[in-house]
Amino acid sequence: MIRGFFEEETKHSFAEQPERILDYLKKNITFHAEEEYDTIMATPVGVLTMKQGSPLAQKILFVAICRSLNVAARLNPVTLEPEYYRDGEFHSVETEAAVLKEETESAVLTLRAEDGSAWKYYQTWTIGKWNGTVFETLNYEETAFNGKTLALTLEPGCYRLITSMRMPNGDQHAAYRVFELKAGEAKEIYLETVKKELDELLEHIELPEITLEDLDGKAHTLNDLTKDGPILLAFLGTGEEPTEHVLNELIEIAEKWNAKDAAMAAVLRTKADLENTTFQKARAAIHNMSLYLDPSDDAPAIAEKMGIDAEKLPLLILALPGNIGGRAYAGYNVGSVGLMLRLMEEAAKA
């Protein structure tokens, strides 16, 4: 559609100088904020046809036009600004941004933390740049700390750093900092977790004795399962979205989980759950995972004691020696697996 929309001379001009595509969009495409949904993007065809589209939809159209004319292009993965590829590198087509990059030095922001692995983008921290109206969140989802540090090369400007740490009781402790980066400046910011004793968040709820069966049909009581220390007792709804999220989170922290030699008792509904792809990946990633069935349907009894809804699988229960419940979650809660690991470590010290 795009190749047929423009005349040959125009297409040749666009391919020779992609900046002219941006000029065309600015002259021909309008934007009415009151008629746009922030979460819905018009298609490139729609924007060209209606001559209307949000700033992001226009950037996507720029990339679509470039690619239709065999010019490699993308949205910058961090800033979402449109770029085209030439002479071995990507070039921004936003005139002001391009001038800024040429005439000023970049700044370097170094984030430091006691434990870099605790900081995951979009989950525990984000950074946004002021665009004159709002802070636009940058995308560093694929960027991770190198041990205790993370260095970001940024354009000069005003930034907002938000940190958030979910606690085992469901509370979120958040903070934000607004700061300026000048050309050539090197700034350091130390990220701190909430200084709160985890043992204050551990509950001590007496649990009923339950009996599970391993895959060979042998019976195991909850007391048996916890005789060597705390375990994560997980009643799974394999194949359902909340359980899929929990299993994926487990896979993500597998290295840390295994390093702590943490134990997990996965309770399946039937043996057919073993065929679930995500479960198989989690089982392969986690070293100390034992498998059980719940033929007596004991899940509701233990869920009731812990004050969670037995119908909302998965059920995650931190089970301590002596049939004691330390913490429980029903359904999917972001970061719940990592929090359970931290609480298991704390409980093991007691």
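The numbered points below describe selected features of a predicted model, for a reader who is meeting this structure for the first time.

1. A good place to begin is the largest nonpolar core, which has 32 residues. Within this core, L250, W257, F279, M289 and L316 are the residues that touch the most other members. Helices and strands both take part, since the elements that give two or more residues are β14 (231-235), α8 (241-252), α9 (254-259), β15 (264-268), α10 (277-285), β16 (289-293), β17 (315-320) and α12 (336-349). Of these elements, α12 gives the most, with seven residues.

2. F279 deserves a separate look, being one of the core residues that touch the most other members. When residues up to four places away in sequence are not counted, F279 touches L236, T238, L247, A266, L268, D273, L274, M289 and L291. M289, which appears in that list of contacts, is itself named among the core residues with the most contacts to other members.

3. Turning to the N-terminal helices, α2 (residues 8-16) has K11, S13 and F14 as its buried residues. These buried residues fall within an arc of 160° when seen down the axis of α2, so they line one face of the helix. The other side of α2 carries E8, E9 and H12, which are exposed. As for what lies against the buried residues of α2, they pack against α1, α3 (19-28) and α5 (55-68).

4. Helix α3 can be read in the same manner, and its buried residues are I21, L22, Y24 and L25. They cover an arc of only 160° around the axis, and are therefore on the same side of α3. K26 and K27 are exposed on the face of α3 that is turned away from its buried side. The cover over the buried residues of α3 includes α1, α2, α4 (44-50) and α5.

5. Helix α1 (residues 2-5) contains F5, a residue that is partly exposed, with a relative accessible area of 33%. Together with M1 and V45, F5 makes a nonpolar surface patch of about 260 Å².

6. The backbone has some features that a reader may wish to inspect, and the background is that most residues other than glycine have a negative phi, and most peptide bonds are trans. The bond joining L313 and P314 is a cis peptide bond, with omega at about 5°. P314 is placed in the loop between α11 (299-306) and β17.

7. Two residues that are not glycine may be set side by side here, beginning with D87, whose phi is positive and near 55°. D87 is found in the loop between β2 (82-86) and β3 (89-92), and D87 is exposed, with a relative accessible area of 71%. N323, although not a glycine, has a positive phi of about 60°, and N323 is found in the loop between β17 and β18 (324-330). Whereas D87 is exposed, N323 is buried, with a relative accessible area of 9%. Not counting residues up to four places away in sequence, N323 touches I205, E206, L207, P208, E209, L222 and N223.

8. Which residues does N139 contact, leaving aside its neighbours within four places in sequence? They are P77, V78, Y121 and Y122. N139 has its place in the loop between β6 (135-137) and β7 (149-154), and N139 is partly exposed, with a relative accessible area of 27%. In sequence, N139 and P77 are 62 residues apart, while in space they are 6.4 Å apart, C-alpha to C-alpha.

9. Is T126 buried or exposed? T126 has a relative accessible area of 18%, and because buried means under 20%, T126 counts as buried. T126 is placed in strand β5 (residues 125-130), and its contacts, leaving aside neighbours within four places in sequence, are Y121, T137, R160, L161 and I162. Y121 is thus a contact of T126, and Y121 is also listed among the contacts of N139.

Note on methods: Residues are numbered from 1 along each chain as its sequence is written. This is a predicted model: local features need pLDDT of at least 70, side-chain atom pairs count only at pLDDT 80 or more; totals for chains, interfaces and linings use all residues. Side-chain values use heavy atoms; hydrogens and water are left out. A nonpolar core is a set of buried Ala, Val, Leu, Ile, Met, Phe, Trp, Tyr and Cys residues joined through side-chain atoms within 4.5 Å. Buried means under 20% relative accessible area, exposed over 50%, partly exposed in between (1.4 Å probe, protein chains only). Helices (H or I, at least four residues) and strands (E, at least two) are DSSP runs, numbered from the N terminus. Contact means heavy atoms within 4.5 Å. Patches are made of residues with over 30% relative accessible area and no salt bridge: like charges are joined within 9 Å, nonpolar side chains (Val, Leu, Ile, Met, Phe, Trp, Tyr) within 5 Å. Accessible areas come from the Shrake-Rupley method with a 1.4 Å probe; for residues, only the protein chains shown count as cover. A salt bridge is a side-chain nitrogen of Lys or Arg within 4 Å of a carboxyl oxygen of Asp or Glu. The arc is that of the directions from the helix axis to the C-beta atoms.
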